[in-house]
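Reader: I would like to go through the ligand sites and the enclosed space in this model. Please set each value against the rule behind it.

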Amino acid sequence: MKWLVTGGAGFIGSNFIFYLLEKYPEDQIVCLDKLTYAGNLETLEKVMQNPNFTFVKGDIADRPAVYALFEQEHPDVVVNFAAESHVDRSVVDPGIFLQTNILGTGVLMDACRKYGIQRYHQVSTDEVYGDLPLDRPDLFFTEQTPIHTSSPYSASKASADLLVQAYHRTFGLPISISRCSNNYGPYHFPEKLIPLMIANALNDKPLPVYGTGENVRDWLYVTDHCAAIDLIVRRGRDGEVYNIGGHNERTNLEVVKTILKALGKPESLIRFVTDRPGHDMRYAIDPTKIHEELGWLPTTPFDEGIQKTIRWYLDNKPWWEHIISGDYQNYYEKMYGNR
Ligand code: NAD
Ligand code: DAU
């Protein structure tokens, strides 16, 4: 099978490529990535020489380039990870989120229609469901939960989902969509909560917690997400949406304190800063459908996964130090300078 994996130089896409190459050594993988600030070729270094892996630098919204790639490679399956993925950036500059996340998705699906495909898979997010109240722990997102977005990021992801479903109904394009909760693990860009807090703690810098730190996220170890996508692409029903999550809810403050404790750093490093505009309170996934239809279950509980992740950041300092010493520093000042 030949896979086109877009956004494969980012966090989840790169982990997905490693997962595929290990599990299906006979499969071929083409990675299309624009190498935005979030794309990092250092991440893919260990697979660049693999004869079954090809890296192509390009933009999913660049129609001629995408068509030329399909013409040359004729992938059997497309898994679209490519996106602007950081909520805070979408508050500062929504435009690129609309361009990549919505228009780019449209271009990819047009190419799938033109050249033929066995399955187009859209990697979506639980953020399309909006948020749940903190005082209703009995509520979870199911696939029937109405779309109700909060940020330009989540609105762009929801728009893409609607477009994917429209291409299925109108043109009969074979598609699937997965909506996953917050991922964590190796190669997570240090602008997101967990890697940012690990890096700051190791550098004895303040840990910026938005608002009161009571917001809840439902954390999933990245390899469990990769396994779920693989299952959906191979065995999931055409046209369906599958939620992915492992019932690992934690408040942000709990996560931050866990990291400080594991690193032997004091809680006095915590700084409560101005809240994120439109900040979602709680995400929580009901994964019954993917479990009952495809037999998927997460294998890494949060308490184990967070220790593995902290260990990875300790063992791979050059990876995140290279990022922090570059453009990221300016971004950090812009985001946190006035908080
Ligand atoms: P990331 O920001 O780490 O990586 C995104 C990758 O996409 C980067 O390599 C970047 O260079 C590439 N990219 C951006 N714009 C592009 C374009 N126009 N053309 C080609 N490549 C482009 O993101 P991530 O956290 O790995 O998320 C991957 C996908 O999973 C996204 O679609 C995101 O919405 C979704 N998702 C993420 C999470 C999470 O917790 N991180 C959870 C659920 C769903
Ligand atoms: O739920 C899936 C989503 O998870 C994905 O669709 C997004 O691509 C991904 O970025 C992630 O979104 P979040 O906004 O939940 O992740 P983030 O790591 O930015 O923030 C997690 C929580 O931590 C959130 O409540 C905001 C808070 N936070 C974040 C940062 C960066 C802080 O308190 N301080 C921070 O510095």
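Author: A cavity here is a set of grid points where a 1.4 Å probe fits but cannot get out, and its lining residues have an atom within 4 Å of a point. The model is predicted.

Reader: What makes a residue part of the lining of the second largest cavity?

Author: An atom within 4 Å of a cavity point is what counts. By that rule the lining consists of Val87, Glu127, Ser150, Ser151, Arg217, Arg276, Pro277, Gly278, His279, Asp280 and Tyr283. About 60 Å³ of space lies in this second largest cavity, and the count of cavities of 30 Å³ or more comes to two.

Reader: How do the residues of that lining divide by class?

Author: Three are nonpolar, four polar and four charged. Gly counts as polar and Tyr as nonpolar, so Gly278 goes with the polar residues and Tyr283 with the nonpolar ones.

Reader: Why is the pair between Tyr153 and ligand 1 called a polar contact?

Author: The cut-off for a pair of N or O atoms is 3.5 Å. An N or O atom in the side chain of Tyr153 is 2.6 Å from an oxygen atom of ligand 1, so the pair qualifies. Backbone atoms also take part: a backbone N or O atom of Gly39 lies 3.4 Å from a ligand 1 oxygen, and for a polar backbone atom of Leu35 the distance is 3.5 Å.

Reader: How much of ligand 1 does the protein cover?

Author: On its own, ligand 1 has 840 Å² of accessible area, and the protein covers 97% of this. Helix H1 (11–23), strand S5 (119–125) and helix H6 (152–171) each give two or more residues to the shell. S5 gives the most, with three. By class, the shell has twelve nonpolar, twelve polar and four charged residues.

Reader: How do you know that Asn182, Asn252 and His279 make polar contacts with ligand 2?

Author: Each distance is set against the limit of 3.5 Å. Polar side-chain atoms lie 2.8 Å from a ligand 2 oxygen in Asn182, 2.8 Å in Asn252 and 2.6 Å in His279. These pairs are within the limit, and therefore count as polar contacts.

Reader: What share of ligand 2 is covered, and which elements contribute to its shell?

Author: The protein covers 95% of the 690 Å² that ligand 2 has accessible on its own. Helix H7 (193–202) and strand S8 (207–210) are the elements giving two or more residues. Among the 25 surrounding residues, Thr125, Asp126, Tyr153, Arg276 and His279 are the closest.

Methods
Residues numbered from 1 in each chain as written. Chains lettered and ligands numbered in written order. Predicted model: local features only at pLDDT ≥ 70, side-chain atom pairs only at ≥ 80, totals over all residues. Heavy atoms only, no water. Polar contact = N/O pair within 3.5 Å; in protein donor to acceptor, adjacent residues only side chain to side chain. Areas by Shrake-Rupley, 256 points an atom, 1.4 Å probe, with all protein chains shown as cover. Helix = DSSP H or I, 4+ residues; strand = E, 2+ residues; numbered from the N terminus. Near = heavy atom within 4 Å. 1 Å grid on protein atoms, 1.4 Å probe; cavity = no way out; pocket = protein on both sides within 12 Å on 5 of 7 lines; lining within 4 Å. Points joined across faces, edges and corners; volume = space filled by probe spheres on them.
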